[in-house]
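User: Please take a close look at one part of this model, its interior packing. I would like one connected account rather than a list.

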Amino acid sequence: MDGAILLALQAIRIDGLNQIMVLISALGNQGLIWIVIAIILAIFPAKRACGILNLISLALVIIIVGVILDPIIARPHPSDLLNGVDGLSALTGVSASGYSFPSLCTAAAVASSTVMAFLLSRRTATIAFIFSFLIALARLYEGIQYPSDVLVGALVGFIIAVLVVQIYNHFFLNLLDRGTQGRHSLY
């Protein structure tokens, strides 16, 4: 099933779209764009909680996916394993480091977008989720991750973000309510 989906995406490759997908995927590599966004959010007092919770979620994604799961599962990227087999090929000049399952890029994107969905405007969260979807799609379009890598990465990122926000809401906000009469920002 994973291979069939990748082959279907390969069949619709268009030269102009190839460069756009490579750029989108590069922006999502290792979750770096999300780390930069989280740092920028943390600078502004009104968005500080979102920035800090994003950084915590991203750190957990890197540890759980990049340090623990990827090396244990050690699934090669399809572009490394199947390049040229059954017509599958990565886009020229595109490569991926590490392992494929689960997708670290997708996990980071979904984790960050989920935190934003809880703490920022609906519009901002929608834009973040669209960008997350494009990053995941680009990884498939390029032939460097399987659909199951992306789906499990998205699920892991979502679960981590929800847990981080829930822990923050349950413990930290309750402590603030008791100690500062309802002041809810991180300073």
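Analyst: The account below goes from the overall layout to the interior and then to its surroundings.

The model is predicted, not experimental. The protein chain has 8 helices and 0 strands, so the pattern read along the sequence is α-α-α-α-α-α-α-α. Of its 187 residues, 43% count as buried. Among contacts in the protein chain with a separation of 6 or more, 78% are between residues 24 or more positions apart.

The interior can be described through its nonpolar cores. The largest nonpolar core has 31 residues, and W34, V61, M116 and I135 are those with the most contacts inside it. At least two residues of this core come from each of α2, α3, α4, α6, α7 and α8 (147–180). The largest share, 8 residues, is supplied by α6. A second core of 6 residues is separate from this one, and L6, L9, L140 and V150 are included in it.

W34 is a useful place to start. W34 sits in helix α3 (residues 32–43) and is buried. Leaving aside residues up to four places away in sequence, W34 touches L58, A108, A109, S112, S113, M116, A128, F131, S132 and I135. Two of these partners, M116 and I135, are also listed with W34 among the residues that have the most contacts inside the core.

One contact of W34 is aromatic. A search of the whole structure finds 1 aromatic pair. The partners are W34 and F131, with ring centres 5.6 Å apart and 50° between the planes. The pair counts as tilted, because that class takes angles that are neither under 30 degrees nor over 60. The pair links distant parts of the chain, since F131 lies in helix α7 (residues 122–141), 97 residues from W34. F131 is buried, as W34 is.

Next comes the helix with the largest share of the core. Helix α6 (residues 104–119) has 16 residues, and 13 of them are buried. From its first C-alpha to its last, α6 reaches 23 Å, close to the 22 Å expected at 1.5 Å a residue. An α-helix has 3.6 residues a turn, so residues three or four places apart point the same way. Several contacts of W34 carry numbers that fall within the α6 range, including A108, S112 and M116.

S112 is one polar residue of α6. Its relative accessibility is 0%, which means that S112 counts as buried. Not counting residues up to four places away in sequence, S112 touches W34, N54 and L58. With N54 there is a polar contact between side chains, at 2.8 Å. N54 belongs to α4 and is buried as well.

Helix α4 (residues 48–73) has 26 residues, which should span 38 Å at 1.5 Å a residue; its end C-alpha atoms are 35 Å apart, and this agrees. The buried residues of α4 are R48, A49, C50, G51, L53, N54, S57, L58, V61, V65 and D70. L58 is touched by W34 and also by S112. Just after α4, A74 takes a positive phi of about 50°. A74 is not a glycine, and its place is in the loop between α4 and α5 (78–81). A74 counts as partly exposed because its relative accessible area of 29% is neither under 20% nor over 50%.

Cysteines can be treated briefly. C50 has a relative accessible area of 2% and is therefore buried. C105 is at 4% relative accessibility, so it too counts as buried. The number of disulfides comes to 0.

The last residue to place is L27, in helix α2 (residues 15–28). At a relative accessible area of 35%, L27 is partly exposed. This residue therefore cannot be a member of a nonpolar core, because a core takes buried residues. L27 does touch I33 and F131, not counting residues up to four places away in sequence. F131 is the ring that pairs with W34. L27 and I135 are 108 residues apart in sequence, while their C-alpha atoms are 8.0 Å apart in space.

Conventions
Residues numbered from 1 in each chain as written. Predicted model: local features only at pLDDT ≥ 70, side-chain atom pairs only at ≥ 80, totals over all residues. Heavy atoms only, no water. Helix = DSSP H or I, 4+ residues; strand = E, 2+ residues; numbered from the N terminus. Buried < 20%, exposed > 50% of the residue type's maximum accessible area, 1.4 Å probe, protein only. Contact = heavy atoms within 4.5 Å. Expected span 1.5 Å × (residues − 1). Polar contact = N/O pair within 3.5 Å; in protein donor to acceptor, adjacent residues only side chain to side chain. Disulfide = S-S within 2.5 Å. Phe/Tyr/Trp six-rings, centres within 6.5 Å; stacked < 30°, edge-to-face > 60°. Core = buried A, V, L, I, M, F, W, Y, C linked by side-chain atoms within 4.5 Å.
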